[in-house]
Amino acid sequence: MSSVAINPFSTKAAFAHRPGFSHRFQIESALGEQLASTLLLRERAAPLTVPTGITALDALTGGLPRGALSEIAGPASSGRTGVLVSALAGATRRQEVCALVDASDSFDPASAAAAGVNLERLLWVRCSREARVRGRKKAAMSHEQRQPTTFPFSAALEQVLKVTDLLLQGGGFGMVALDLGDIPMESVRRVPLTSWFRFRRAVEPTATVLLLVEQEPCAKTCASLVLRLQSEAIFASGPCLAEPPNARPDPCPVVPENNVVSHAALLHGMRLRAEVARSWAQRKPPRSAQTRFELRTAL
Amino acid sequence: MFACIYVPDFPVEAMVRAEPLLRERAVAVLDGKPPLARVIALNEKARLLGMEAGMTKLQAGVFAEAAVPTATKQSGQQPGNINIAASPLPRQAVLRQRAPDQEASAHAALLDVAHAFTPRVEDTAADTLLLDLAGMERLYGAPARMAGDLASRVAAVGIEANLAVAANPDAAMHAARGFNGITVIPAGNEARRLGVLPVQVLLDSFEISAQEKNGGKARAREREKLRAQMLDTLERWGVRDFRTLALLPEHALASRLGPVGVKLRRLACGAGTRTLVLCDPPAQFEESMELESPVETIESLSFVLNRLLEQLCARLEARALAIQELRLRLQLEHRVAEEETTTIQELTGSGSHSVVFERALRLPVAMRDAKVFLKLLQLDLSAYLPGAPVVKIWITAGPAPPRSAQRGLFLPISPEAEKLEITLARINAIIGQRRAGIARLLGSHRQGSFRMDRFASATGELNPTEWDSSGEVPMAMRLFRPACRLRVHLSDGRPASLSAETAQHDQQNLQGRVLWSAGPWRLSGDWWTERAMDDGPWDREEWDIALAAGGSSAMGGEGNVALYRIYRDLATGQWFVDASYD
């Protein structure tokens, strides 16, 4: 019955001309107080959010929601790690304990510390590509005797899923980040959707931000926020062909001229474009919301 | 005011403390080498079966095979006619060899409880402790309440003991040895209350005092003989209890038994007084158990570990301490293979080789939860198998003051220390040791120089004002571990195109034309060292490059540009890529 999701007391005037409305109104009036929770539209309360540390992104998304799964997707050099590190830096500055599940062991502590991440409050879990065989006797088995992997990076993904389960069950983390940025999409897509549902259910009653960094979004409806990133231009010393911020981007990112003396050139940063593909704050179909921001070299 | 804790049948109680299920059974403890092994202690249920101290193993074995209730035996019934199932007693008695380690643990537990109550404790015997309660009334209340409190603390460490409170230590000791449960004797009533006790209690207690004076077991047999003579003499005089002995004239007793007789009479009157010989609390917290049969599986071992850990935690709780380090030692049945003896020490005791397997857990915060320790030990043993059946277990705790943390409504969330330890142990079991923790940067210019440290949520307090952000968000880097070898084509001295030498799955896009490059920047370090490989000297030329990556982006672009940091190792001339800007 469509009226289940509608507040009868606020729609009286709209349905007054329809036949049978008076009977329905009487029933709903009689049962309204007893079954108010059934008859009222349940609006899910907006989740608490935490800032990413990038002003433009926070203005676009409202921040990363707590108790929900957020995805940051983009190809290599699209700024996804920069956004991840910025979010981790903000969380550790708030004295929260964070965990980073690194599927490809590619985290750079030096650049993270330079970005403001307090490494003392970051649990870094370095997954390995090879399946670990438990027990010393088994570990001594030859490479040929090991079980063949079913698909590339299956061992790393299996470790990521198991470790994430443990971290979410343990609780108490302000942010749990899964870095699948170097895992090919054909492997990430093999992760069952039930795993993402399980993570979403596990994180829902907590104040933990579950952040997923990957090349393409994969958690589908389990994600409360999906952010796509793309590089627009590279800043370097010497002539730079950076476009004005509001100009329509070229199909390919703008790259500086290479005709200067190479050792006189210096990488300064990147201009990036972010698009919200899914958000807890927006109804379907998602509005095309984009923003631009810059990342600068710190080292 | 003095209190006495006395544990009747101490060897049996020490055994029962380690195996609580034995409390419902008739238990007898044997001591001595197999042909001469005799029953030295037995519990009340064993006595009801008809067992006695001093029985040989063969005699006691009869009760262990098919126990016969004493009443039935006295009635002259044949064993075959007894309805054993209807008997309220267990069918069989349990015979156990004496376990000195377990007795030492039980005695240490008693000392822990006593020292938690008062610092003035006399270690009178293995089964007897005397406590000076002077001035404790304001802390614990009336003597009866103190006795109840002390009894509950003793029960908390798994020991059933008699407890007595009296005005002098000897009266308290006699009351504890003579009366079951809790006994409180008001001052002045000692002679009346102790009067009903048999004179054997006095002689047993007197023997303890003589043992203290003579210093040990050297004259044990001689003392036993003297005790038997004294008991025989008193029996012939018709003196069977304290009251009768107290009524004897002191001068006549002195002329016949000497000073010993005078002292015995004074003790029987409850008038003896002396100064306690104080002892220090035990410095080591260790629990051990020798298994009757070797245990092969971790699941079976867990039951024993759980019991030992519970005992250990109860002892530490009595002393208001927690565990910072836990050391597990397992004596194995056989020698294991040579390649697996890295953490194994060899003991050559009792003429035969025995191997001890050791594991140590160092905790970032002090804890006192036996379940947490059990889970940590299970996970650790799963990762590092002992390799042979276990015959004996020792668990030693490194004590530390317990955590004093006060939570607040406005403090940021953080994992519970106990849960975090178990989570980390499980993660280590999945990904391997030392692959989860805190990254600590090292003071080196070498790329990717850091070390992994143990993670603890309580470490490091960062002042929120410490980080001064300029508003710019820095680029982060993703490292290739290990660095990927490249084939690089140069044009005018700068990279023009490149491709990865080994086609790995995550480096499939690492090829193509170089759109932009900056460099080279020459870096070197550790040239003053002579170490080889990873820790040795390094010398390289770095380049930042923009590489055209194939494919189309999801946001409508037709191509992507990826930024990498590549370098040429000047020692070998090889090109590598070790990081990407992201």
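This is a short tutorial dialogue on reading features of a two-chain model, with chains A and B.

Trainee: What should I know about the model and its numbering before I start?

Mentor: The model is predicted, and local features need pLDDT of at least 70, side-chain atom pairs count only at pLDDT 80 or more, while totals for chains, interfaces and linings use all residues. Residues are numbered from 1 along each chain as its sequence is written, and chains are lettered from A and ligands numbered from 1 in the order in which they are written.

Trainee: How many residues of chain B are in contact with chain A?

Mentor: Interface size is often given as the accessible area lost when the parts come together. Here we can count residues instead: two residues are in contact if their C-beta atoms, placed from the backbone, lie within 7 Å. By that rule, 70 residues of chain B touch 85 residues of chain A. Helix α17 of chain B (residues 417-431) gives the most to chain B's side, with eight residues. That side divides into 39 nonpolar, 18 polar and 13 charged residues. Nonpolar means Ala, Val, Leu, Ile, Met, Phe, Trp, Tyr, Cys and Pro; charged means Asp, Glu, Lys and Arg; the others, Gly among them, are polar.

Trainee: Which strands join the two chains?

Mentor: Strands of a sheet pair through backbone hydrogen bonds, either parallel or antiparallel. The pairing rule is at least two bridges found by DSSP between two strands. Helices (H or I, at least four residues) and strands (E, at least two) are DSSP runs, numbered from the N terminus. Strand β10 of chain A (residues 289-296) and strand β16 of chain B (residues 473-474) run parallel, joined by two bridges. A:Leu295 stands opposite B:Val473 there.

Trainee: How many helices and strands does chain B have?

Mentor: Chain B has 17 helices and 22 strands. Six of the strands close into a barrel, in the order β17-β18-β19-β20-β21-β22, with antiparallel pairing. The twist averages 45° from one strand to the next. Within the barrel, nine bridges join β19 (residues 511-525) to β20 (residues 538-549), and B:Ala518 stands opposite B:Asp544.

Trainee: Which strands are at the edges of the open sheet in chain B?

Mentor: The open sheet has five strands in the order β5-β6-β1-β7-β8, with mixed pairing. Its edge strands are β5 (121-125) and β8 (182-184), each pairing on one side only. Three bridges join β7 (residues 162-166) to β8 in parallel, with B:Val165 opposite B:Val184.

Trainee: At what angle do helices α15 and α16 of chain B pack?

Mentor: Two packed helices are described by the angle between their axes and the distance between the axes. The axes are lines fitted to C-alpha atoms, for helices over the stretch in contact, and angles run from 0 to 180 degrees between N-to-C directions. In chain B, α15 (residues 298-318) and α16 (residues 370-383) pack at about 145°, with axes 9 Å apart. The residues in this contact include B:Leu305 and B:Leu309 of α15 and B:Phe373 and B:Leu377 of α16. By class, nine are nonpolar, four polar and one charged.

Trainee: Is A:Pro109 buried or exposed?

Mentor: Buried means 20 or more other C-beta atoms within 10 Å of a residue's own, exposed means 12 or fewer, and partly exposed lies in between, with C-beta atoms placed from the backbone. A:Pro109 is buried because 20 other C-beta atoms lie within 10 Å. A:Pro109 belongs to helix α6 of chain A (residues 109-114). Beyond its neighbours within four places in sequence, A:Pro109 is in contact with A:Leu119, B:Ala439, B:Leu441 and B:Phe450.
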